[in-house]
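Take a look at the structure shown here. This report walks through it topic by topic.

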Amino acid sequence: MGTGSALDDDSDRLLVERTQRGDLRAFDLLVLKYQSRVMHVVMRFVRDADEAEDVAQEAFIKAYSAINNFRGDSAFYTWLFRIATNAAKNHLVARGRRTPVLDVDIDEALMHDENQRLVEDESPQAALETQELEAVIKRAVQDLPDELQTALCLREFDGLSYEDIAVIMNCPIGTVRSRIFRGRETVDQKVAALLNGEPI
Amino acid sequence: MERQNNTNQAAGSSDELLSRLMDGELDEVGVARLFKMMDQNPSLREKWLRFNSTRLHIQGAHLSSPSLSFANRVRDSLQGRKQRRSLRRVMAPLKPFAVAATVACIGVLVGQQLTQRTTQPLALAGSPVPIVRSMPVIPFLEQGSVSVVPASFGQSAAVSAPSEVPVESLYQELARQRLEAYSGVHAVRGALHTPVTLMTGSLARADSRSEQP
């Protein structure tokens, strides 16, 4: 599983449609959702973190300006990915720097996200924070009650729909919805405590 | 106590709506409800960010810790653009009026300038004294026919011929003045060269030398 999966499609479609109707709050949720992925892609072209942040911001602004051209033929993230890579390349050209000879493919970026850690792009402190966050999330998921853990994993790892999970777990859809939510909520409490510097 | 329970319930329902939105299980009405709740409770943005970040980490992506600052920058920038655009939209109907007013102002100013120019006297426009071969011709006319026009550049006055004097008479006057001047000079020179001078001058000495044996 990687970026821009089928899991995101329905949610994204809803938010994109609202953005196309001029609701900036919907686009704000898309930015919050994809900011780290876009930053990650841009960082493959632009190594400097501050510059990369500017380019990522520019990419989101371009995406918002062109949102009415998005017809939904591809996933929203695929479209956003193209805008981000073009923005990064244009930035390099404008700065008189060479763009990478090998282009970054979205699948390659996916693999990169999944299997490679860009330690060289992160400060030691940021890398430590990321490691700590991963450990907390892993432990929180492991500590979940079985029914919550199964529902959440079937949803997040396997990308199954609520209906399919209901069939597998032999329970109503409402129960699946509730279990997934409670699982997320429990994990989030620990993540929030970590980010706020509170004891977990 | 009851109020706190209600608040917790509302928070619980808003968090559940967020969870359902993540899974694309929310309809339009649900999204509208959620956005209304987000307007009242901005911390829901942070929750949405954490939910999505947690999902990525569960899926095995190694991304940095979630931060609101980037999304805030994008949102502020887009809000600024939106405000400018709406302001431009409000001002758009006024644009033709502004252009028309500017054109009218320019028209009035140019018209005023042109009116001032045509009403100014043209007495100073031409040369005050007619010139023939770089010599000024001052006609000997009656005292009253010569007018004095104040010079535009200083306190001294310039003499100007009345415009009704014809050019032919000026040439005749010039010829008469020159003839008088030449006659005067001729008279003076003629008076100086007497016959005595001729006899005692250099010519007479040459004659006497040639007569010697």
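## A core shared by two chains

Leaving aside residues up to four places away in sequence, Ala84(A) touches Val38(A), Val41(A), Val42(A), Ala56(A) and Ala59(A). This is a predicted model, so read every contact as a prediction.

Ala84(A) belongs to the largest nonpolar core, which holds 46 residues. Six of its members touch the most other members: Val38(A), Val42(A), Ala56(A), Ala59(A), Leu80(A) and Ala84(A). Both chains feed this core. From chain A, α1 (6-20), α2 (24-43), α3 (49-65) and α4 (76-94) each supply at least two residues. From chain B, α1, α2, α3 and α4 each do so too. Helix α2(A) gives the most, with 12 residues.

Another core lies apart from this one. It has 16 residues, among them Ala151(A), Leu154(A), Tyr162(A) and Phe181(A).

## Where the chains meet

How many residues of chain B are in contact with chain A? There are 42, and they meet 45 residues of chain A. On the chain B side, four elements give two or more residues: α1 (2-22), α2 (28-40), α3 (43-58) and α4 (68-91). Helix α3(B) provides the largest share, 12 residues. By class, the chain B side divides into 17 nonpolar, 13 polar and 12 charged residues.

## Helix α7 of chain A

Helix α7(A) spans residues 146-156. Its buried residues are Leu148(A), Ala151(A), Leu152(A), Leu154(A), Arg155(A) and Glu156(A). Two of them, Ala151(A) and Leu154(A), also sit in the core of 16 residues.

What do the buried residues of α7(A) pack against? Within chain A, they pack against α6 (124-142), α8 (162-169) and α9 (173-195). They also pack against α3 of chain B.

## Two crossing helices

Two packed helices are described by the angle between their axes and the distance between the axes. The axes of α8(A) and α9(A) come within 9 Å. They cross at roughly 100 degrees. Angles of 65 to 115 degrees count as roughly perpendicular, and α8(A) and α9(A) are therefore roughly perpendicular to each other.

Which residues make this contact? Helix α8(A) brings Tyr162(A), Glu163(A), Ile165(A), Ala166(A) and Met169(A). Helix α9(A) brings Ile173(A), Val176(A) and Arg177(A). By class, the contact has 6 nonpolar, no polar and 2 charged residues.

## The two chains in outline

Chain A has 9 helices and 0 strands. Of its 200 residues, 36% count as buried. Among its contacts between residues at least 6 apart in sequence, 62% join residues at least 24 apart.

Chain B has 8 helices and 4 strands. From the N terminus on, its elements run α-α-α-α-α-β-β-β-β-α-α-α. Chain B has 213 residues, and buried ones make up 17% of them. For contacts in chain B with a separation of 6 or more, residues 24 or more positions apart account for 43%.

## How confident is the prediction?

The model scores ipTM 0.87 and pTM 0.65. Chain B averages a pLDDT of 74, and 62% of the residues score at least 70.

Where in chain B is confidence highest, and where lowest? It is highest in α2(B), at 93. It is lowest in strand β1 (residues 131-132) of chain B, at a mean of 50. Over residues 122-127 of chain B, pLDDT stays under 50. For that stretch the model has 3 contacts beyond four places in sequence.

Definitions and conventions. Residues numbered from 1 in each chain as written. Chains lettered and ligands numbered in written order. Predicted model: local features only at pLDDT ≥ 70, side-chain atom pairs only at ≥ 80, totals over all residues. Contact = placed C-beta atoms within 7 Å. Nonpolar A, V, L, I, M, F, W, Y, C, P; charged D, E, K, R; others polar. Buried ≥ 20, exposed ≤ 12 C-beta atoms within 10 Å, placed from the backbone. Axes fitted to C-alpha atoms, helices over the stretch in contact; angles between N-to-C directions. Parallel < 35°, antiparallel > 145°, perpendicular 65-115°, else oblique. Core = buried A, V, L, I, M, F, W, Y, C linked by C-beta atoms within 7 Å. pLDDT = per-residue confidence, 0-100.
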